[in-house]
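Here are some notes to read with the structure open beside you. Take the points one at a time and find each spot as you go.

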Amino acid sequence: MTLNWSERISPVIRDMPPSGIRRFFDLASEMTGIISLGVGEPDFVTPWAIRETGIQSLRQGYTMYTSNAGLLELREEIAAHLHGFYGVHYEPRSEVLVTVGVSEAVDLALRAIVHIGDEVLIAEPCYVSYAPCVTMASGVPVPLTTTADNDFRLTAAQVEAAITPRTKALLFNYPNNPTGATMPREDLLEIAKVVEKHNLIVISDEVYDKLTYEGEHTCFAALPGMRDRTILLNGFSKAYAMTGWRLGYACGHSEVIAAMTKIHQYTMICAPITVQKAAIEALRNGTEEMKEMVSSYNQRRRLVLKGFQEIGLPCFEPRGAFYAFPSIRHTGLSSEAFAWRLLEETKVAVVPGNALGSAGEGHIRCSYASSVENLTEAIERMGRFLKQFE
């Protein structure tokens with residue numbers, strides 16, 4: 001008897017669409033002459049001192065497992081880092097978990113708290129994995145639409161209006177992927193009041209916190225009353241150009257961190273020790289090079305905004321992360337159709353906005369974590385492409 005795999009795959013996974021970001025990236029990788037503004041990855045190489053620390057750890061024979069929660073030395077550095085920047089204190093032994101990227105931390109947080117049918121409010125547009133991870137945890141993702149009219153900011157009124165008896169948590173990411181939006185402290189304080197009123201859990205993904213160009217980043221867990229009801233997620237990929245190292249962390253109340261660690265120990269065991277050793281160096285001595293990279297991103301941000309304005313591509317001014325999220329509504333094309341045609345006709349790869357939630361329709365995501373030369377050429381090609389819609 002022939003096994004029919006289509007009938008044996010879990011319906012939840014079978015019916016889940018593949019990542020819209022990866023689909024375009026994979027296609028672009030097979031073409032020549034492509035300028036990719038698609039994947040959110042720094043074009044910088046990890047700073048040498050961090051790489052050297054990883055290499056040295058191998059030479060010194062650090063090739064074994066660590067504690068499931070990660071090296072205590074790294075957890076202590078993470079706790080000190082968060083206290084120094086935001087004044088929020090975590091106990092390294094029980095309230096910090098080192099994960100394999102922030103993506104794993106998102107998955108662990110949701111699986112640790114979501115019961116069957118629980119609703120999780122998600123600010124959209126958003127990172128591509130949020131809603132699928134809620135679904136895989138047997139929860140129900142509930143999108144909260146943000147728009148350029150309100151600087152892509154989430155409001156307390158939106159959160160309040162979406163709450164039902166099944167609402168368990170609120171998940172958001174600021175500075176935001178894909179819009180580059182940031183949240184003023186006063187807005188977060190209003191959301192915190194709603195969160196406390198309805199006894200919600202907050203999952204705050206702050207992996208782009210250091211990539212804030214205007215104003216200061218507000219750590220949600222540092223707000224009054226929010227520390228013990230927030231699962232704070234962060235990592236090393238963006239600020240330290242360590243995407244391929246795959247290292248993140250989660251901080252929160254000891255009970256939820258223990259639950260997340262339980263899942264982590266059965267699936268990942270621990271993050272690689274070499275990467276953890278390198279991350280210690282990043283936190284101790286990587287600040288200056290990180291600031292230089294952020295300064296470069298800021299220059300490219302201004303270049304892209306000016307370039308889009310000149311070619312007639314309306315774009316909200318991103319104040320964080322390294323993405324621009326221009327509107328393409330005036331072309332009459334859907335986000336996906338625009339991205340496909342742009343790729344085929346100009347060899348510029350971008351991400352269609354609808355891959356980042358239905359709220360992203362009518363937009364494209366362009367990463368400016370690319371060289372000035374590539375960004376300049378991409379804008380010129382996009383300008384030629386847009387002339388047909390005048």
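The points below go through one helix, a few unusual backbone spots, and then some cavities and a pocket.

1. Before anything else, keep in mind that you're looking at a predicted model. The angles, areas and volumes below are all computed from that model.

2. Let's start with helix α4, which runs over residues 48–59. Does its length add up, and what should you expect? At 1.5 Å a residue, its twelve residues should span 16 Å, and the end C-alpha atoms are indeed 16 Å apart, so the two agree. Just after this helix comes G61, which has a positive phi, near 90 degrees.

3. Now, which residues of α4 are buried? They are I50, G54 and S57. These residues cover an arc of only 60 degrees around the axis, so they sit on the same side of α4. What do they pack against? Their partner is α11, residues 273–285.

4. Next, have a look at the backbone. Most peptide bonds are trans, but you can find a cis bond joining E124 and P125, with omega about 0 degrees. P125 belongs to the loop that links β3 (119–124) and α7 (130–136).

5. Another cis peptide bond joins Y174 and P175, and here omega is about -10 degrees. Look for P175 in the loop between β5 (167–173) and α9 (185–197). Keep Y174 in mind, as this residue turns up again in point 8.

6. Phi is worth a look too. Most residues other than glycine have a negative phi. D151 isn't a glycine, yet its phi is positive, about 60 degrees. You'll find D151 in the loop between β4 (140–145) and α8 (156–162). Is D151 buried or partly exposed? With a relative accessible area of 27%, D151 is partly exposed, because buried would mean under 20% and exposed over 50%.

7. A241 is another non-glycine with a positive phi, in this case about 55 degrees. A241 lies in the loop between β7 (230–235) and β8 (248–251). Its relative accessibility is 5%, so A241 counts as buried.

8. On to the holes inside. How many cavities of 30 Å³ or more does a search of the whole structure find? There are three. The largest has a volume of about 100 Å³, and 13 residues line it. Those nearest its centre are Y174, M183, L188, H217 and T218. Sorted by class, this lining has six nonpolar, five polar and two charged residues.

9. The second largest cavity comes in at about 60 Å³. Its lining includes H81, D209, K210, F236 and L283. By class, you get five nonpolar, three polar and two charged residues here.

10. Last, turn to the second largest pocket, whose volume is about 450 Å³. It is lined by 23 residues, and P17, P18, V128, P132 and A355 are the ones nearest its centre. Which helices each supply at least two residues of this lining? They are α3 (20–29) and α7. The largest share, four residues, comes from α7. As for the classes, the lining divides into 13 nonpolar, six polar and four charged residues.

Note on methods. Residues are numbered from 1 along each chain as its sequence is written. This is a predicted model: local features need pLDDT of at least 70, side-chain atom pairs count only at pLDDT 80 or more; totals for chains, interfaces and linings use all residues. Side-chain values use heavy atoms; hydrogens and water are left out. The expected span of a helix is 1.5 Å times one less than its number of residues. Buried means under 20% relative accessible area, exposed over 50%, partly exposed in between (1.4 Å probe, protein chains only). The arc is that of the directions from the helix axis to the C-beta atoms. Contact means heavy atoms within 4.5 Å. On a 1 Å grid over the protein atoms alone, a cavity is a set of points where a 1.4 Å probe fits but cannot get out, and a pocket is an open set with protein on both sides within 12 Å along at least five of seven lines; lining residues have an atom within 4 Å of a point. Grid points are joined across faces, edges and corners, and a volume is the space filled by probe spheres set on the points. Ala, Val, Leu, Ile, Met, Phe, Trp, Tyr, Cys and Pro count as nonpolar, Asp, Glu, Lys and Arg as charged, and the others, Gly among them, as polar.
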